[in-house]
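Biologist: Could you walk me through the strand pairing in this model? I would like to hear the reasoning behind each label.

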Amino acid sequence: MFSFVDALPLAERLIGLRHALHREPELGLDLPLSQAKVLAALDGLPLEISTGKALTSVTAVLRGGRPGPAVLLRGDMDALPVQEESGLDFASAIPGVMHACGHDIHTSALVGAAHLLALRREELAGDVVFMFQPGEEGQRGAKVMIEEGVLDAAGDRVIAAYAIHAAATMLPLGVVATRPGTILAASDSVTVTVHGKGGHGSSPHLAVDPVPALCEMVTALQTMVTRTADAFDPAVLTVGSIHAGSAFNVIPETGTFQATVRTFSPQTHQAIQAGVKRVVQGIADAHGVRVEIDYQANYPVTVNDPAEAAFALDTMREIIGPQRAFEAPRPVAGAEDFSFVLEQVPGAYLMVGAVPPGTDPATAPMNHAPQAIFDDRSVPEAAVVLASLAAARLRKAAS
C-alpha cells in the first residue's frame, strides 16, 4: 500500500491538473478538452490506453509484474451547468459551467493513482484498470463504458471495483467514510404534463383549467410518499420545476411539473413509482383533464458489497488511522452511476473529505452549489486512497 509521503512528489503536478480541469469544465458525454488533459497526464506511463467510441472516455490498463486478476478504479470527468461563485483564482472560464461536484479532483486523483501504481508495477500480482468516465451527471456514462467493455479491458472481468467522491461538506479534509450495503440512493426523474382546455380567466366554467389539477398533484404526491415508504426505508420526492401559462388572466392549455425521486431499496423504488402514476392519473381523472407521465428510472441504488466495503474500510484504517476512517451510519440521498458498475462486479464507493481546514463541514456549501470549494490537498490524498485499494486488493487475491 501507499502513504501520503509517496504522493508528495506528485502533489504539485496533480493539483496543477486539477486547476486546469477546473478552469475548462465540460458537460455530458463529450469532453474533448478533459480527455486531452488526461491523456497528456498519463503520457509516458506503461499503460495500455484506449478511448471510447460513443463518449470521450479513457480506459487505461496497467499490467502487473506478476500474473493475477484485475481490479478497477473509476474517476468521473464531467462538470455541471452551474455558474461558479467560488472566488477561486482558478475558477471556471466557461460561463455557466462549473466543477461543482469535485469531479476534477476525482480525475486528477485517478491520474495520481496510475502514477503511484506504475512505480510499483513489478510488485503487483495482477492488473489495474483505470476508468476515466464522462457523463456521470445524468447521462449514464458508466453504463455506456460498460457496454463498450471497460469491465473486461484487462482481458478478464475485474474482480472488484472502487470509486471515491470528494465531499465539499460533511467530512473534514483527510477523513474517509464508507458503509456496507446501500450507500447512495436510486435517482428517478418525473415529468408530468397536464392537458386542459384554454380560456379566459374570468370564465373558468367554459374552460378546463389544468392549473388546479397540477397544484393538487404536487401536494398529493408529498402525502403519497409519507404513506407509501417505510419510515426506516425512506423516499424523497422533490418538485423542482413548475410551468403553466403566460398571462395572469388566461387559462392555459397545459401545465407541466418535473420532479426527482430518491429511494434506497428496490421495493420502495417500485412502490413509489407505482404511487406516482396512480396519484397523478387519479387526480387528472377527477379534474377531467388528460395527463402524460414520463417516469424515467435513471440510476439504480448504489450498493456496496459488504465484504468489499469492510476490506476498503480496513485498508483505510491502516493507511490513515482508525480516527479518520469510519463506517457511515446511513446512506446519502445523492445518486451515482457507479451503481451500474456495482451491479456487475463487487466493489465499494467511498466518500473522501475535502472541506478546507477552518471551514465548518456542517455549514460549508455542499456539492453542486455555486460556492462549493474543495481543498487542493484532497487530490494527492485521494490518489493514495485509490492506489492503496488497488494494491491491497491484488495482494489479498494473491494470498
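Modeller: Gladly; here is how the sheet is put together, bearing in mind that the model is predicted.

Biologist: What is the order of the strands in the sheet, and is the sheet open or closed?

Modeller: The order is β1-β2-β4-β3-β5-β16-β6-β15, and these eight strands form an open sheet with mixed pairing. At the edges sit β1 (47-51) and β15 (325-327), each of which pairs on one side only. From one strand to the next, the twist averages 25 degrees.

Biologist: How do you know that β3 and β4 are paired?

Modeller: Pairing takes at least two bridges. Strand β3 (residues 66-76) and strand β4 (residues 125-133) are joined by eight, so they count as a pair by that cut-off. The two run parallel, and L73 has F130 as its bridge partner in β4.

Biologist: What makes β3 and β5 a pair, then?

Modeller: The cut-off is again at least two bridges, and β3 and β5 have four, in the parallel sense; therefore they pair too. L73 turns up here as well: its bridge partner in β5 is Y162.

Biologist: Where does Y162 lead on the β16 side?

Modeller: Y162 stands opposite A348 in β16. Eight bridges join β5 (residues 160-172) to β16 (residues 347-355), and these strands run parallel.

Biologist: Why is the β-α-β unit called right-handed?

Modeller: The unit consists of β3, helix α3 (residues 103-119) and β4. With the strands pointing away from the viewer, a clockwise path over the helix earns that name, so the label right-handed tells you that the path from β3 over α3 to β4 runs clockwise.

Notes:
Residues are numbered from 1 along each chain as its sequence is written. This is a predicted model: local features need pLDDT of at least 70, side-chain atom pairs count only at pLDDT 80 or more; totals for chains, interfaces and linings use all residues. Side-chain values use heavy atoms; hydrogens and water are left out. Axes are lines fitted to C-alpha atoms, for helices over the stretch in contact, and angles run from 0 to 180 degrees between N-to-C directions.
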